[in-house]
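Let's take a walk through this protein chain, starting from the inside. Keep the 3D view open as you read.

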Amino acid sequence: MSSTVSNPQGVLQPGGYGGHDSRSNSTSGSFVGPESESNENEEAELVSVSWNQDSSCFAAGTSHGFRIYNCEPFKETFRRELKNGGFKIVEMLFRSNILALVGGGPNSQYPSNKVLIWDDHQSRCISEFAFRSEIRSVKLRRDRIVVVLEHKIYVYNFMDLRLLHQIETQANPRGLCCLSHHSNTSVLACPGLHRGEIRVEHFGLNMVQIINAHDSSIACMTLTLDGLLLATASTKGTLIRIFNTMDGTRLQEVRRGVDRADIYSIALSPNVQWLAVSSVKGTVHIFSLRVRVVGEDSHSTENAALLTQHTYSNSLQGLVSPTTGTNPGSSLSFMRGVLPKYFSSEWSYAQFHVSEVTQFFAAFGSHNTVAIIGMDGSFYRCSFDPVNGGEMGQLEYFHFLKTDNRTQ
């Protein structure tokens with residue numbers, strides 16, 4: 001696989017590329033800037049939705065460009081209507097003006113094998129990454145750009161676009177990959193070379209951890225912001241597992257259900273006390289985690305320090321709470337080993353029901369709230385009772401493609 005990296009001032013000088021990767025002369029002229037075009041008579045079609053790194057905003061790629069929405073309070077912050085179609089990938093960098101864009105959707109003239117790094121403040125493309133095959137996903141952190149192809153992942157330095165790492169994976173059509181976002185940790189998780197296997201790169205420690213997470217292929221995964229914990233689901237979709245990324249130990253397992261289901265999203269709350277899962281079954285499940293938490297949020301310097309100390313990787317006492325947690329379990333758990341496993345599984349603590357006819361993606365907000373965005377243009381914000389659980393209450397609903405709620 002070869003790639004081409006360029007910027008508006010010309011192609012960067014060779015350096016840092018290893019193996020069989022290569023560069024060739026290229027310019028950024030293929031990207032026509034987002035000249036506003038009126039599409040009043042033609043309704044935009046939703047192509048993609050994605051959360052930013054702290055779930056405070058989300059991006060919607062449409063058939064005419066892209067839009068950015070704030071979650072609390074809900075508001076469209078800006079949009080770009082383009083003459084040449086839309087984007088299947090719109091990846092934000094927190095709340096900054098930097099976006100990664102990949103073309104796709106109806107009548108898009110932007111190629112699906114090229115990443116465009118767009119500076120919306122300057123209204124220009126500041127760099128490009130071109131590949132020979134379709135790009136499956138792009139992930140950003142403040143110092144890295146990660147491009148995911150079906151069988152390979154490229155990791156670039158954000159400052160000079162130098163290639164730092166190449167990672168081979170098994171077939172990865174979903175573009176699965178997740179990053180830590182603490183400045184003092186650098187962790188990447190992606191599918192390994194074998195079915196059900198996850199590769200965790202601790203770049204700061206120059207260490208690789210292989211986790212045999214599931215018997216079936218991986219369907220969804222997420223990391224805590226510090227990269228210490230990993231939550232995964234397989235294509236079977238019945239169990240979600242939480243692992244210590246330092247030594248690969250399984251810390252907890254919760255059950256979404258008994259029937260097979262496609263998992264759309266997994267989210268961990270900032271304080272790592274709750275886990276949210278959305279699936280094709282039309283239910284968003286909330287689970288209580290039995291993971292010991294230091295401080296109020298995952299930005300705790302103590303948590304981050306744990307990740308950088310090899311001595312911590314062999315001890316689970318700081319990771320698993322001695323209490324059993326509050327997820328409901330079966331009253332028949334005393335017969336464990338005799339009855340099927342689901343009788344003694346940890347079931348969801350709270351639930352919210354949405355449509356089964358489209359994909360929904362959940363993320364945690366403030367004060368025990370969950371935000372849910374759907375590929376039908378729906379935005380829900382709901383709350384759950386951290387003491388009693390049960391059915392979540394709906395606080396807000398918007399159809400974000402049709403509602404004119406832009407910032408004035």
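Pick out Val138 in this predicted model. Skipping its neighbours within four places in sequence, Val138 is in contact with Ile89, Glu91, Ala100, Val102, Val115, Ile145 and Val146. Val138 also belongs to the largest nonpolar core, a set of 21 residues. Within that core, Val138 shares a distinction with Val115, Ile135 and Ile145: these four touch the most other members. Each strand in this table supplies at least two residues of the core.

| Strand | Residues |
|---|---|
| Strand 8 | 98-103 |
| Strand 9 | 114-119 |
| Strand 10 | 124-131 |
| Strand 11 | 137-141 |
| Strand 12 | 144-148 |
| Strand 13 | 152-157 |

Strand 8 gives the largest share, 3 residues. Another core lies apart from this one; it has 20 residues, including Cys220, Leu229, Leu268 and Val272.

Now hop over to a hairpin. Strand 17 (residues 197-202) and strand 18 run antiparallel, joined by 6 bridges. Glu197 stands opposite Asn212 in strand 18. There are 4 residues between the two strands, and in this hairpin Asn206 takes a positive phi near 55°.

Which residues of strand 18 are on the covered face, and which on the uncovered one? Met207, Gln209 and Ile211 make up the covered face, while Val208, Ile210 and Asn212 make up the uncovered one. That fits a general pattern: in a regular strand, side chains alternate between the two faces of the sheet.

Finally, zoom out. The protein chain has 1 helix and 31 strands. Of its 408 residues, 56% count as buried. The accessible surface of the chain is about 17600 Å², with 47% of that belonging to carbon and sulfur atoms.

Methods:
Residues numbered from 1 in each chain as written. Predicted model: local features only at pLDDT ≥ 70, side-chain atom pairs only at ≥ 80, totals over all residues. Heavy atoms only, no water. Buried < 20%, exposed > 50% of the residue type's maximum accessible area, 1.4 Å probe, protein only. Pairing = 2+ DSSP bridges. Areas by Shrake-Rupley, 256 points an atom, 1.4 Å probe, with all protein chains shown as cover. Core = buried A, V, L, I, M, F, W, Y, C linked by side-chain atoms within 4.5 Å. Contact = heavy atoms within 4.5 Å.
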